Amino acid sequence: MYEEYWGLKEKPFENTPDPRFLYRSEQHEEALMRLLYAVEERKGAAMLTGVFGCGKTLLGYALLDKLDKAKFRVAFLTNLQLEPVELLRAIAYNLGVTDLPRKKTEVLADFLLQVIKETLINNLNDGKDTVVIIDEAHGIESREIFEQLRLLLNFQLKDRFLLTLLLFGQPELRTEVDNLKPLEQRIAIKCYLDRMGEEDSQNYIKHRLEVAGAEKEIFTEEAIKAIHEGSGGIPRRINQIGDMSLLTGFGRKTERIDEELIQAVVKDIGG
Ligand SMILES: Nc1ncnc2c1ncn2[C@@H]1O[C@H](COP(=O)(O)OP(=O)(O)O)[C@@H](O)[C@H]1O
Ligand SMILES: [Mg+2]
């Protein structure tokens, strides 16, 4: 709608996990490097925590982009508040196992673990490492599920893990896992994403505008500072404010977006 008016090729502030827009702040870069290390060096398990909207899911997609499809088989799951055994079923399904029994029986968890183990070994024989990413893992409520995840991590050969498990979630996840020592001890790598500082917010905004094809300065420096203030340095909020201010500025036919417009938008968005 407003792209042409601002001389943009596309919308700069979409809240979608599109790795093309990835701004490599120091913390995002470091987290991505650690996740990549966990996968490529087969560290077993890693955990990425951070407040809502800071870029965890996006980093997951950026990681997928970096992995050679010929070498890695990846299941990317978003925790959907599943029953204990259902998460194992979802993992098996996402790893390509199709003929899964539907009946819930006592042995089903063991059966699914066995099926997953066979899949891991098949992948290995195909020359592929298996990676399971569980996004929104803070939503996992039962200890039984965490216990099943721990059992998955038991699948090892003499000298290597058969699976890399990556857990992404909000800060509560870290607390939950820290309270489950047997699982916690298996998580070799931990990383954390926090709100961005002022400088990162500024560079983030400029980066996204550049990727979207901006050729002139759309936001005044004061406006960019105001976006940081109004968003608390959370990328998802920056995107909301950025998108709304481009729309509002377009509606008002302003030449540039200034601090005052941002403040009005921040007030409208609330939160
Ligand atoms: N480093 C980044 N570079 C570019 N965009 C980002 C970055 N971090 C977050 N975002 C944007 O913010 C939005 C929210 O990020 P998301 O990964 O969904 O957060 P989380 O999963 O931590 O809640 C995403 O749609 C994404 O486009
Ligand atoms: Mg997310």
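**Figure 1. Lys 253 sits in the loop that links α11 (235-252) to α12 (259-269).** The model shown here is predicted: local features need pLDDT of at least 70, side-chain atom pairs count only at pLDDT 80 or more, and totals for chains, interfaces and linings use all residues. Residues are numbered from 1 along each chain as its sequence is written, chains are lettered from A and ligands numbered from 1 in the order in which they are written, and side-chain values use heavy atoms, with hydrogens and water left out. Helix and strand labels follow DSSP runs (H or I of at least four residues for a helix, E of at least two for a strand), numbered from the N terminus. What catches the eye at Lys 253 is its phi, near 55°, a positive value in a residue other than glycine. Most residues other than glycine have a negative phi.

**Figure 2. Glu 136 and His 138 share the loop between β3 and α6.** Start with Glu 136: here too phi is positive, near 55°, and the residue isn't glycine. Glu 136 counts as partly exposed because its relative accessible area is 31%; the cut-offs are under 20% for buried, over 50% for exposed and anything in between for partly exposed (1.4 Å probe, protein chains only). The loop itself runs between β3 (129-135) and α6 (143-153). His 138 goes down as buried because its relative accessibility is 17%. A polar atom of the His 138 side chain lies 2.9 Å from the backbone nitrogen of Gln 170. That's a polar contact in the sense of N or O atoms within 3.5 Å; within protein, one atom must be able to donate a hydrogen and the other to accept it, and residues adjacent in sequence count only if both atoms are side-chain atoms. Beyond its neighbours within four places in sequence, His 138 is in contact with Phe 168, Gly 169, Gln 170, Glu 172, Leu 173 and Glu 176, where contact means heavy atoms within 4.5 Å.

**Figure 3. Ligand 1 and the residues around it.** There are 21 residues around ligand 1, and Tyr 23, Gly 53, Lys 56, Thr 57 and Arg 208 come nearest; a residue belongs to this set if one of its heavy atoms lies within 4 Å of the ligand. Oxygen atoms of ligand 1 pair with backbone and side chain alike: a polar backbone atom of Gly 55 is 3.1 Å away from one, a backbone N or O atom of Leu 58 is 2.9 Å from one, and a polar side-chain atom of Arg 236 is 3.1 Å from one. Taken alone, ligand 1 exposes 560 Å², and the protein buries 97% of that. Areas come from the Shrake-Rupley method with a 1.4 Å probe; for residues, only the protein chains shown count as cover.

**Figure 4. His 28 belongs to helix α2 (residues 26-40).** His 28 counts as buried because its relative accessibility is 6%. Sequence neighbours within four places aside, the contacts of His 28 are Tyr 23, Cys 54, Gly 55, Leu 59, Leu 193 and Met 196.

**Figure 5. Lys 43 is in the loop from α2 to β1 (45-50).** This lysine is partly exposed because its relative accessibility comes to 30%. Lys 43 touches Tyr 37, Ala 38, Phe 161, Ala 188 and Ile 189, not counting residues up to four places away in sequence.

**Figure 6. Phe 219 and Ala 223, before and within helix α10 (residues 221-231).** Phe 219 is in the loop between α9 (198-211) and α10, and with a relative accessible area of 3% it is buried. Its contacts, leaving out neighbours within four places in sequence, include Phe 13, Leu 209, Gly 242, Leu 246, Ile 257 and Ile 262. Ala 223 counts as buried because its relative accessibility is 0%. Outside four places in sequence, Ala 223 touches Ile 257, Asp 258, Glu 259 and Ile 262. Ala 223 and Ile 262 are 39 residues apart along the chain, with 6.2 Å between their C-alpha atoms.

**Figure 7. Zooming out to the protein chain.** The secondary structure comes to 12 helices and five strands, and the C-alpha trace spans about 65 × 35 × 35 Å along its principal axes. Of the 271 residues, 50% count as buried. Among contacts between residues at least 6 apart in sequence, 77% join residues at least 24 apart.
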